[in-house]
Amino acid sequence: MKRFPQLVKMMPRFKDLPDPGTFDNVNIEAILKLKPDLVVASVTSTKGNQKIEEAGIPVITVSTGVADIDALKKSSG
């Protein structure tokens, strides 16, 4: 949670969460240890999402970062 100090400040219990990586730099072993039913990931993380799916975990993608209404409508198609 080093990348999100404000989140940890707001929710201190997040400080000790494991770090499964980010975007296309995912740590499959760390993700598998968490035994998720699914992973919610960014639409921009195609390589990372593919690695997660290849490990047998369903991935739901969402828009992240700055998105405008037209882009959101297009992605929900």
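Let's start inside helix H3, where you will find asparagine 49. Is asparagine 49 buried or exposed? With a relative accessibility of 7%, asparagine 49 is buried, because anything under 20% goes into that class. Setting aside residues up to four places away in sequence, asparagine 49 touches Ala41, Ser42, Val59 and Thr61.

One of those partners deserves a look from its own side. Serine 42 sits in strand E3, and serine 42 is buried too, at a relative accessible area of 6%. Beyond its neighbours within four places in sequence, serine 42 is in contact with Asn49, and also with Phe23, Thr61, Val62 and Thr64.

Before I go on, a friendly reminder that this is a predicted model. Mean pLDDT for the protein comes to 85, and 83% of the residues reach 70 or more. The helix we began with is a good place to be: confidence is highest in H3, at 96. Helix H4, residues 69-76, is where confidence is lowest, with a mean of 67, so please read that helix with this in mind. Now for the overall layout. The protein has four helices and four strands, and along the sequence they follow the pattern α-β-β-α-β-α-β-α. Of the 77 residues in the protein, 18% are buried. The protein exposes about 6,200 Å², and carbon and sulfur atoms supply 57% of that area.

Back to the strands around our asparagine. How many bridges join strand E3 to strand E4? There are four, between E3 at residues 39-42 and E4 at residues 59-62, and these two strands run parallel. Valine 39, for example, stands opposite valine 59 in E4. To get from E3 to E4, the chain passes through helix H3, residues 46-54, and this β-α-β crossover is right-handed.

Next, the core. Which residues form the largest nonpolar core? There are eight of them: Val26, Ile28, Ile31, Val39, Ala41, Ile52, Ile57 and Val59. Helix H2, residues 28-34, and strand E3 are the elements that give two or more residues to this core. In soluble globular proteins, nonpolar side chains tend to be buried together. Take valine 26 as one member of the core. Leaving out neighbours within four places in sequence, valine 26 is in contact with Pro20, Gly21, Ile31, Gly48, Lys51 and Ile52.

Let me finish with three loop residues. Phenylalanine 23, which we met as a contact of serine 42, lies in the loop between strand E1 (21-22) and strand E2 (25-26). Phenylalanine 23 has a positive phi of about 40°, although it is not a glycine. Its relative accessibility is 44%, so phenylalanine 23 counts as partly exposed.

Lysine 35 is in the loop between H2 and E3. Lysine 35 also has a positive phi, here about 50°, and is not a glycine either. Is lysine 35 buried or exposed? Lysine 35 counts as exposed, because its relative accessibility is 71% and the cut-off for that class is over 50%.

Last comes glycine 56, in the loop between H3 and E4. Glycine 56 is exposed, with a relative accessible area of 63%. Glycine 56 and leucine 32 are 24 residues apart in sequence, and their C-alpha atoms are 9.5 Å apart in space. For the protein as a whole, among contacts between residues at least 6 apart in sequence, 15% join residues at least 24 apart.

Methods
Residues are numbered from 1 along each chain as its sequence is written. This is a predicted model: local features need pLDDT of at least 70, side-chain atom pairs count only at pLDDT 80 or more; totals for chains, interfaces and linings use all residues. Side-chain values use heavy atoms; hydrogens and water are left out. Two strands pair if DSSP finds at least two bridges between them. A crossover is right-handed if, with the strands pointing away from the viewer, the path from the first strand over the helix to the second runs clockwise. Buried means under 20% relative accessible area, exposed over 50%, partly exposed in between (1.4 Å probe, protein chains only). A nonpolar core is a set of buried Ala, Val, Leu, Ile, Met, Phe, Trp, Tyr and Cys residues joined through side-chain atoms within 4.5 Å. Contact means heavy atoms within 4.5 Å. pLDDT is the predictor's confidence in each residue, from 0 to 100. Accessible areas come from the Shrake-Rupley method with a 1.4 Å probe; for residues, only the protein chains shown count as cover.
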